[in-house]
Amino acid sequence: MIPPAFDYHAPTSVAEALKLMGQLGSDAKLLAGGHSLLPMMKLRFAQPEHLIDLNRIDSLRGIREEGLVVVIGAMTVESDLISSPVLQAKVPLLPEAARLIADPQVRNRGTIGGDIAHGDPGNDHPALSIALDATFVLQGPSGQRQVKADAFFHGTYMTELADDEILVEIRIPAFQTKTGYAYEKLKRKTGDWATAGAAVVMRMDGDKVSQVRIALTNVAATALRADAAETALLGNRLTEALITQAAAKVMEICDPAEDLRGDRDYKTAMAGEMFKRAIRKAAARCQ
Ligand code: FAD
């Protein structure tokens, strides 16, 4: 199917893009990799009269270290996350998980910023960002503001981003040594979105859990942080009984939509199973 006609704009700076957004208002949409937006336009779920393409804004692409924080430009594509030596060393969950997103063609164009800004609970970066305690930098006409990933996702396709703002950076604390991590994603076939996914980032003090963040993909209207499961684990010996107890807390907060990937009970059970696999793998990596 062919999308409706639109005017195309290709700014070369964030300032120019913001100016265009101000002039064109709600008739305009930002274009990143186009792998979510263009399918929606073809289906007439989105019918923008103007597309503002961010691909020529070099400052929005790249991965750098700023002290103990890794900063990722919003227009950085998935394949660059996978091949980044900085991420492999400092935030290894991200390149590992990005390999589970879509297929190589999509990963060569799809951006981390587009994946987050789209607000699709089926996308993987929302839960990964929450587990990684990421902060998003949003730039609008009156400057920048920072929003924690925890507070960014309001509902399906609804986020904290205002109509006149651009997501410019994703800031992630670098892992301390002996940080355990894992992302477990159940999918029906290569290239599919998650039936259910669980991200875990943790540290151990001896055999006790000293830090843990858990987030879930595609089992509610937004990515979910599993706070009650984190509380159940913190300060306790990580036994199989405790993992089962925490998995019950994970499943309690799931509220998935029924679709071709499964019914609510199945998806909820799979979220519990993905969590169990993720925490066992993450704990083994804390050594
Ligand atoms: P676009 O499609 O260009 O934009 C998406 C939305 O975000 C638009 O509304 C746009 O205006 C807005 N936007 C984009 N960038 C910004 C910005 N910097 N600031 C503010 N707003 C912005 N994703 C997964 O996570 N996991 C998967 O398993 C997966 N499988 C896929 C399989 C297929 C076959 C396809 C086609 C896509 C799949 N995706 C998956 C989605 C893919 O990762 C998309 O690339 C991603 O959702 C959107 O990124 P994009 O760069 O293509 O953004």
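The shell of residues around the ligand divides into 14 nonpolar, 10 polar and five charged. Keep in mind as you look around that this is a predicted model. The shell counts 29 residues, and Leu-30, Ser-36, Leu-37, Thr-111 and Asp-124 are the ones that come nearest to the ligand. Which secondary-structure elements each supply at least two residues of this shell? They are strand E2 (28–31), helix H7 (112–117) and strand E10 (166–173).

Now let us go in to the level of atoms. The side chain of Ser-36 places an N or O atom 2.6 Å from an oxygen atom of the ligand. Thr-111 also has a polar side-chain atom beside a ligand oxygen, here at 2.7 Å. With Leu-167 the backbone takes part: one of its N or O atoms lies 2.9 Å from a nitrogen atom of the ligand. On its own the ligand has 970 Å² of accessible area, and the protein covers 91% of that.

Strand E10, which you have just met at the ligand, also leads into a sheet. Five strands form this open sheet, in the order E4-E5-E10-E6-E7, with antiparallel pairing. Strand E4 (63–66) and strand E7 (143–148) each have a single partner strand, so at these edges one side of each is left without a neighbour in the sheet. From one strand to the next, the twist averages 25°. If you follow E10 to strand E5 (residues 69–73), you will find five bridges joining the two, which run antiparallel. Within the E5–E10 pair, Val-70 stands opposite Ile-172. Helix H1 (residues 14–24) packs on this sheet, where it touches strand E6 (135–140) and E10; the direction of H1 makes about 135° with that of E10.

Further along the chain there is another open sheet to visit. Four strands build it in the order E11-E12-E13-E14, and their pairing is antiparallel. Here the edge strands are strand E11 (180–186) and strand E14 (224–225), each of which pairs on one side only. Between them, strand E12 (residues 196–205) and strand E13 (residues 208–217) pair in the antiparallel sense over nine bridges. To find your place in this pair, look for Met-204, which stands opposite Val-209 in E13.

This sheet has a helix packed on it as well: helix H11 (residues 264–284) touches E11, E12 and E13. The direction of H11 makes about 30° with that of E12.

Technical notes:
Residues are numbered from 1 along each chain as its sequence is written. This is a predicted model: local features need pLDDT of at least 70, side-chain atom pairs count only at pLDDT 80 or more; totals for chains, interfaces and linings use all residues. Side-chain values use heavy atoms; hydrogens and water are left out. A residue is near a molecule or strand if one of its heavy atoms lies within 4 Å of it. A polar contact is a pair of N or O atoms within 3.5 Å; within protein, one must be able to donate a hydrogen and the other to accept it, and residues adjacent in sequence count only if both atoms are side-chain atoms. Accessible areas come from the Shrake-Rupley method with a 1.4 Å probe; for residues, only the protein chains shown count as cover. Ala, Val, Leu, Ile, Met, Phe, Trp, Tyr, Cys and Pro count as nonpolar, Asp, Glu, Lys and Arg as charged, and the others, Gly among them, as polar. Two strands pair if DSSP finds at least two bridges between them. Axes are lines fitted to C-alpha atoms, for helices over the stretch in contact, and angles run from 0 to 180 degrees between N-to-C directions. Contact means heavy atoms within 4.5 Å.
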